[in-house]
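Q: Could you take a close look at a single helix in this structure and then place that helix in its wider setting?

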Amino acid sequence: MVSGTASNSASSSASGEAKPTGELARPAPATRPRRLKRTPGEVVFDTLVYSALIVFTFICLFPFLNTLANAFSSSTAIQTGKVLLWPVEFQVGSMKMILADSSVIRSLLVTVFLTVVGTTLNLLFTIITAYPLSRRDLKGRGIFMRFMVITMLFSGGMIPLFLVVKSLHLLNTLWALIIPGLISAFNVIIMKSFFQTIPDELREASVMDGCGNMRYLIRIVLPLSGASLATIGLFYAVGHWNAYFGAVLYIDNPDLLTLQAKLRNILLLSQMDTSLEQMTMESKFTVIQESLKAAVIVVATVPILIVYPFLQKYFVKGSMLGSVKG
Amino acid sequence: MKEWKKNYDLYLLLVPAVVFFIVFAYIPMGGLVIAFKDYNLFRGLWGSDWAGLANFREMFSIPEFFRITRNTLLLNLLGLLVCFPAPILLALMLNEVRSRYLKKISQSMLYLPHFMSWIVLGGIVYAVLSPKYGVVNQILRWLGMKEIYFMADQTWWVITYTLSAVWQSAGWGTIIYLAAITAIDPALYEAASIGGAGRIRKIASVTLPSIMPTIVILFILAVGHMVSIGIEQPLALANSVVSDVSEVISTYVYRVGIKQGEFGLTTAVGMVQSVINLCLVVAANHFAKRAGGEGLW
């Protein structure tokens with residue numbers, strides 16, 4: 001993690017001129033001999049912190065594990081409350097049922113399409129907006145920045161935007177889920193700060209060699225910004241993957257439902273049961289649904305889990321850059 | 001003039017963004033005139049009759065307006081009290097962890113909910129808390145307690161809403177605090193050690209004061225968002241049984257505006273929210289700057 005490595009290097013540089021007696025406040029790097037001694041008070045403190053953190057982490061993770069276990073457990077096992085962290089009376093029936101449901105697969109394909117096409121367009125338009133704004137020699141850049149920042153502070157709200165989307169005849173098309181969110185002012189600002197970290201001397205040298213703006217952007221800036229493009233791209237992609245309100249708002253056509261919207265329809269059916277369970281009789285149907293519901297959730301989540309290691313790496317960097325202003 | 005010519009291609013690159021922000025940000029702002037109109041879907045924006053302040057008068061006269069405002073403020077206030085300190089506490093704890101593996105693993109796990117959609121999180125919350133088959137009530141029964149209707153009881157719903165927000169955001173929120181902690185000069189800790197400070201004393205006298213500017217700015221910004229509430233979390237967690245506490249401004253605008261076609265009234269409601277929000281953010285920025293930190297702009 002970013003903070004971990006940074007704090008370690010900070011402590012090793014600080015302790016560079018060996019301090020035999022000094023008890024280090026910062027975590028000791030792994031290469032150095034273990035810590036000198038811990039007072040009993042410290043042992044108690046460490047134990048408390050460690051156990052609190054482990055408990056909190058477990059609570060955080062538990063609902064996911066339980067859902068995963070439910071997806072692969074038999075209905076009787078769920079009904080009798082035997083399922084905690086791992087599947088009981090293992091079955092893949094619910095998963096098969098979900099994956100055999102063509103409407104779920106269809107919504108999965110819609111979401112994949114939306115994520116790929118949407119993210120590509122997002123990136124393209126964010127780059128061409130952020131690059132000119134990163135050029136300090138561009139006249140009128142401040143005016144445009146203000147023009148853009150105002151949209152972050154004030155908006156017309158849901159209804160006027162809906163009417164605009166409607167009057168452009170975007171309702172019930174996938175474009176309604178891509179175009180209104182095409183450029184995020186926030187991401188433009190982050191990308192602009194990324195671009196500004198590239199030394200200006202590079203551009204001056206390129207201009208000397210007769211390199212124009214466009215060529216400089218494509219040949220020099222973009223190849224140097226791989227990490228930042230990945231970060232912003234992941235921001236957009238996870239947004240597309242997870243967004244559901246856009247689909248709820250703009251799409252009626254069941255063939256165009258996104259995975260999250262489809263998931264919502266399935267869950268809404270069973271949510272009704274959950275809140276009204278006190279009134280309804282125990283039905284076998286609900287129990288089967290519990291496992292089915294868990295299976296849909298798993299299907300909607302697995303792709304995120306697959307890219308999660310990359311997400312974490314880049315997102316942490318990206319969210320730090322968000323705090324760098326330029 | 002020469003400048004403009006030399007960089008004409010850069011200005012061309014900005015054209016799509018100008019068009020985009022005009023169409024999808026500034027025209028909707030202009031669309032706020034709907035709030036002053038008796039909007040008729042068939043006659044369109046300019047064909048509809050002016051209604052003056054009738055929509056605003058109606059807004060204050062309907063009982064729901066009081067309710068959705070109260071719910072929005074209540075949920076945000078609880079968020080401020082519970083969700084705001086959680087990442088600070090977690091960051092302080094993570095900072096005290098010496099085992100790199102434990103730190104890394106628990107960070108990975110804590111960040112995870114941030115990457116899930118509210119539909120997935122809401123579905124999981126409903127499943128886990130279900131009175132009959134949910135694992136939480138199962139554990140309560142093992143402990144000999146009665147099951148709790150978490151999502152059907154108003155008080156429990158509010159608590160669940162708040163805690164699920166902690167679940168979603170607390171881990172991710174630690175990043176900014178951990179970054180602030182990393183920037184602390186290690187000499188301060190050494191000085192504290194020489195002065196005989198223990199670990200808790202160091203947290204209280206070095207770590208906390210050092211990250212205080214970050215805390216203050218984030219707090220002020222959080223206050224600035226008191227009247228606005230996203231729609232994805234409330235919509236994913238709400239149900240008809242608890243609508244008295246779960247209906248907030250955003251869900252009301254969606255339900256009554258989009259679904260029932262009350263465009264004028266709900267645009268007025270949304271506009272009041274946007275305007276108060278703008279005032280609060282501007283005020284918050286002002287205070288953040290006065291508190292010695294950097295504002296948003």
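**A helix in chain A**

A: In this predicted model, helix α12 (residues 226-242) of chain A has 17 residues, which should span 24 Å at 1.5 Å a residue, and its end C-alpha atoms are indeed 24 Å apart, so the expected and computed lengths agree. Turning to its side chains by name, the buried residues of α12(A) include the aromatic residues Phe235(A), Tyr236(A) and Trp241(A), and the list also holds Ser228(A), Thr231(A), Ile232(A), Leu234(A), Ala237(A), Val238(A), His240(A) and Asn242(A).

Helix α9 (residues 185-196) of chain A can be read in a similar way: it has 12 residues and reaches 16 Å from its first C-alpha to its last, close to the 16 Å expected at 1.5 Å a residue. Among the buried residues of α9(A) are Val188(A), Ile189(A), Ile190(A), Met191(A), Phe194(A) and Phe195(A), and Asn187(A) and Lys192(A) are buried as well.

As for the setting, chain A contains 15 helices and 0 strands, and buried residues make up 39% of its 326 residues. Of the contacts in chain A between residues at least 6 apart in sequence, 67% join residues at least 24 apart.

Chain A also meets chain B, in a contact that takes 95 residues from chain A and 93 residues from chain B. On the side of chain B that touches chain A, the largest share, 14 residues, comes from helix α2 (residues 8-30) of chain B, and the residues of that side divide into 61 nonpolar, 19 polar and 13 charged.

Note on methods: Residues are numbered from 1 along each chain as its sequence is written. Chains are lettered from A and ligands numbered from 1 in the order in which they are written. This is a predicted model: local features need pLDDT of at least 70, side-chain atom pairs count only at pLDDT 80 or more; totals for chains, interfaces and linings use all residues. Helices (H or I, at least four residues) and strands (E, at least two) are DSSP runs, numbered from the N terminus. A residue is buried if 20 or more other C-beta atoms lie within 10 Å of its own, exposed if 12 or fewer, and partly exposed in between; C-beta atoms are placed from the backbone. Two residues are in contact if their C-beta atoms, placed from the backbone, lie within 7 Å. Ala, Val, Leu, Ile, Met, Phe, Trp, Tyr, Cys and Pro count as nonpolar, Asp, Glu, Lys and Arg as charged, and the others, Gly among them, as polar. The expected span of a helix is 1.5 Å times one less than its number of residues.
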